[in-house]
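Thank you all for coming, and please have the viewer open while I talk. I would like to go through one model slowly, strand by strand, and then turn to some single residues.

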Amino acid sequence: MSKPQSINIDPWVGFPRYSDSIFGDDFVHNTLFACKVAAKGARSTINIKESIANKGGNLAVADDVKFWFTLPGQRGHTLYARIKSNNYVKLHYDMGTKHLKNRDWNFYGSLVCNKSLQNLVFKLGACHVSPKCNSDNRFRIQSSTGSDYSYFWNHRTVINHNKWTFGLLGVYDISHNICQKSNLLLKYSHDANTDVILRADTDGFRKRSPSITDWKTWFDVYSFDLIRKINDTTRIGFEVN
């Protein structure tokens, strides 16, 4: 069983996986060892990952379990759960793809907390599903100290036209009037085996908004990637940051 529409991109504050993923996934950085096990059925899937990483000169072992299944009597509805060893619990409900007013939509909601049911985060999202212009909006409520809550709006749009792909992602802290994240993506597929990708990203989440008059404050990291697929098992790439 494949993943629900709303968790295909994980973490959410990123773009779909493209050929430049080799620079982050296939190369060894801080992760020294990883073992993944998956069991798939017609209506459910479970993924288990064990990893060993180098953190501050010490070895740290991490567990990550993901499980999702379709709900009986609810066509296309999926319940997803994720538990991590760093005291992270996520429950996610996906309503599948709904056809409304000649368009396809995906509605979903999440609850994130620790194992003591503290540090609650609630998320509600609506995504316009289209191969040409996929636009996802998510409203997030996050508990802070005491009974206070903070409110956020997340937006991600990916547009595909012929050989070109353009992506825009933003995170806005409504409570404190801060644009926390602003990422841009531009991809050109020269042919079926060659991609050129430009990215302008925010490093983490900002604590204060960038200057409207100074475009340099909107981005922290710039990258240029050239990736060539040699065959089904081999890709080569060149990256400049």
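What follows is a walk through some strand pairs, a pocket, a nonpolar core and a handful of residues. Please keep in mind throughout that this is a predicted model.

Let me begin with the strands S3, S4 and S5. Strand S3, which covers residues 58-70, pairs with strand S4, residues 78-84, and the two run in the antiparallel sense over seven bridges. If you would like one position to look at in this pair, take Lys 66, which stands opposite Arg 82 in S4. Strand S4 also pairs with strand S5, residues 88-100, and here again the sense is antiparallel, with seven bridges. In this second pair, Ile 83 stands opposite Val 89 in S5. How many residues lie between S4 and S5 in their hairpin? There are three, and in that turn Asn 87 has a positive phi of about 65°.

That angle deserves a short remark, since most residues other than glycine have a negative phi. Asn 102 is a further case of a residue other than glycine with a positive phi, with a value near 65°. Asn 102 sits in the loop between S5 and strand S6, which covers 103-113, and Asn 102 counts as exposed because its relative accessibility is 72%, where the cut-off for exposed is over 50%. Leu 117 is not a glycine either, and its phi is positive at about 60°. Leu 117 belongs to the loop between S6 and S7, and with a relative accessible area of 62% Leu 117 is exposed.

From that loop we can move on to strand S7, residues 121-129, where we find Gly 125. Is Gly 125 buried or exposed? Gly 125 counts as buried because its relative accessibility is 10%, and buried means under 20%. Once neighbours within four places in sequence are set aside, Gly 125 is in contact with Asn 106, Phe 107, Tyr 108, Asn 137 and Arg 138. For a sense of distance, the C-alpha atoms of Gly 125 and Pro 210 are separated by 26 Å, and these two residues are 85 residues apart along the chain.

Now to the strands S10, S11 and S12. Strand S10, residues 164-173, and strand S11, residues 178-191, run antiparallel and are joined by ten bridges. Within this pair, Thr 165 has Lys 187 in S11 as its bridge partner. The two strands form a hairpin with four residues between them, and in the turn Asn 177 has a positive phi of about 55°. Strand S11 then pairs with strand S12, residues 194-201, in the antiparallel sense, this time over seven bridges. S11 and S12 also form a hairpin, with two residues between them, and Asp 191 has Thr 194 in S12 as its bridge partner.

Strand S12 holds two residues that I would like you to find, and Leu 198 is one of them. Leu 198 counts as partly exposed because its relative accessibility is 39%. Not counting residues up to four places away in sequence, Leu 198 touches Leu 184, Leu 185, Leu 186, Ser 223 and Phe 224. Asp 201 is also found in S12, and with the same kind of exclusion its contacts are Ser 182, Asn 183, Leu 184, Phe 219, Asp 220 and Val 221. Between Asp 201 and Leu 71, which are 130 residues apart along the chain, the C-alpha separation is 37 Å.

Next comes the largest nonpolar core, which has ten residues in all, among them Phe 15, Tyr 18, Leu 169, Leu 185 and Ile 197. With neighbours within four places left aside, Ile 197 is in contact with residues including Tyr 18, Leu 185, Phe 224 and Ile 227.

My last stop is the second largest pocket, which holds about 150 Å³ of space. Which elements give two or more residues to its lining? They are strand S8, 133-143, and strand S9, 149-161. The lining includes Gln 5, Pro 16, Cys 127, Asp 136, Arg 156 and Val 158, and by class it has five nonpolar, four polar and two charged residues. Val 158 is worth finding in the viewer, as it lines this pocket and is also one of the residues of the largest nonpolar core.

Conventions. Residues are numbered from 1 along each chain as its sequence is written. This is a predicted model: local features need pLDDT of at least 70, side-chain atom pairs count only at pLDDT 80 or more; totals for chains, interfaces and linings use all residues. Side-chain values use heavy atoms; hydrogens and water are left out. Two strands pair if DSSP finds at least two bridges between them. On a 1 Å grid over the protein atoms alone, a cavity is a set of points where a 1.4 Å probe fits but cannot get out, and a pocket is an open set with protein on both sides within 12 Å along at least five of seven lines; lining residues have an atom within 4 Å of a point. Grid points are joined across faces, edges and corners, and a volume is the space filled by probe spheres set on the points. Ala, Val, Leu, Ile, Met, Phe, Trp, Tyr, Cys and Pro count as nonpolar, Asp, Glu, Lys and Arg as charged, and the others, Gly among them, as polar. A nonpolar core is a set of buried Ala, Val, Leu, Ile, Met, Phe, Trp, Tyr and Cys residues joined through side-chain atoms within 4.5 Å. Buried means under 20% relative accessible area, exposed over 50%, partly exposed in between (1.4 Å probe, protein chains only). Contact means heavy atoms within 4.5 Å.
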